[in-house]
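Colleague: I am new to this one. Please show me the structure, then let me ask how its labels were earned.

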Amino acid sequence: MGKEGGKEGETSSSVPYDRLIAVAGSSADDRERGVVDREEEAKSIAQGTAGEIRAVGNGGYQNGKTAAGMGAGERRVSSAEQEELFAEYRDEQGAGSEADDPEMDRNKRNGASDRAAGSPRFSRKLALLNVLANGLMFAVAGFITYHCFNKAMVLFSWHPSFMVIAYLILMSQAVLTMSGTNYFTHRCTHRTRVYIHWVLQAVAGILISIASVCIFLNKIRLGKAHFQTLHGIFGLVTVCATLASIAGGVTTKYAFQLRTYVRPLYSKLGHGIAGTVTYLLGITTIGLGVYGRWFQEDNDATVRLMLVLAIALIALYVIATPIVNTVQRIKTAARTTL
C-alpha cells in the first residue's frame, strides 16, 4: 500500500491515487483495508489492459482514456493503444507524478514502462545493427561533407553539407529516438525521448533553412535559374514538407492540451505519416544530389552507387519501426472511430 502509515490523514502524492481517493471519497480506514490496491492500479495503467479503473469507496473514477477508445470492457489492447493511452496519461500528470512515486520511478529506470509502450529490448545483434547504422550515417555524411570543402570553401559548400547533416544525421537520430530503436536513448523515459526528439528536429530545421538560403543566394550570384533540375524540384518540395512537419510536431507535442479540438491519436498519426514521408523525400533528394554535376567531378559511378545504397540502407533502418507503429495507429483509429 506504499508509505501511508505515517501521519494521520497523510496520503501518497503520486497520481492517480490521490485523484481516485478525492473523487471517490474513501476514508483512511478504507485505504487501510486495501480497497485501493496501488500496485494493481499502476499495472493496469502501464499495461493498458483494464477497461475502467476500479470503483473506490462509495464512488468511482473511470479512466477518461478508456471512454475515448476502449469502452467499459476488460479487453486487451494493442501496443499502439498502450503507448497512446500511457503516454497521454504521463503528459497529463507532469514530471512531478513520476518523481513522487518510487515504484514508478524504479520501473522506468529498469525500462519496464518503455517496454510496455513498445520499445524493444536490445539484444546483442540488434545493438550491433544499431551501432553499424549509426556509424554508416556518420561515414556517409562525413564523406559528402569532405567533398564540399576539399577544394575551396564557397557559398555552395554549405548547402550540401548542412543538408546531409540535417537529414542523414539529426533527423535520423530524432526518428530513431522517438521510435525507441536508438540504442543510446532507448532506456530514456518517454518524456526525455520527446525532448531529445524535438531538440534534434529544431536544430535540423535551422540547418535546413540556412542551407536553403545558401543555395538560393548562390544561384543568384551565378545568374542561374532556380529549380530546373530534378534534385532542385525535390529539394523545394522537401524543404516545404519539412517545415510543415516540424510545425505539426509542435501541435503533437501539446496533443493532450489540444484534445478538445483533435484526438491525440489523430494528431500523432498525422505527424507520424507526415514525418515519414518528409524523411523519405529528404533521403531521395540527397541521393539525387550525389548524382549532381558537382559530385561527379571527383567520384566515379561505383562510388556514387555505393553511397546511394548506403543511404538507402540507413533510411530502411530508420523508418522500419515508425511504419509499423503508424500501421498500428491506423488500425486503432479505425477501430475506435467506427
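Modeller: Buried means under 20% relative accessible area, exposed over 50%, and partly exposed in between (1.4 Å probe, protein chains only). This is a predicted model: local features need pLDDT (the predictor's confidence in each residue, from 0 to 100) of at least 70, side-chain atom pairs count only at pLDDT 80 or more, and totals for chains, interfaces and linings use all residues. Residues are numbered from 1 along each chain as its sequence is written, and side-chain values use heavy atoms, with hydrogens and water left out.

Colleague: Why does Asn299 count as buried?

Modeller: Its relative accessibility is 6%, under the 20% limit, so Asn299 is buried.

Colleague: What makes the pairing of Asn299 with His147 a polar contact?

Modeller: Their side chains come to 3.5 Å. The rule asks for a pair of N or O atoms within 3.5 Å; within protein, one must be able to donate a hydrogen and the other to accept it, and residues adjacent in sequence count only if both atoms are side-chain atoms.

Colleague: How do you know that Lys151 and Asp298 form a salt bridge?

Modeller: A salt bridge needs a side-chain nitrogen of Lys or Arg within 4 Å of a carboxyl oxygen of Asp or Glu. Here the closest N and O atoms are 3.2 Å apart, so the pair qualifies. Lys151 also meets Glu297 in a salt bridge, at 4.0 Å.

Colleague: Which of the labels exposed or partly exposed fits Lys151, and which fits Asp298?

Modeller: Lys151 is exposed because its relative accessibility is 59%. Asp298, at 35%, is partly exposed.
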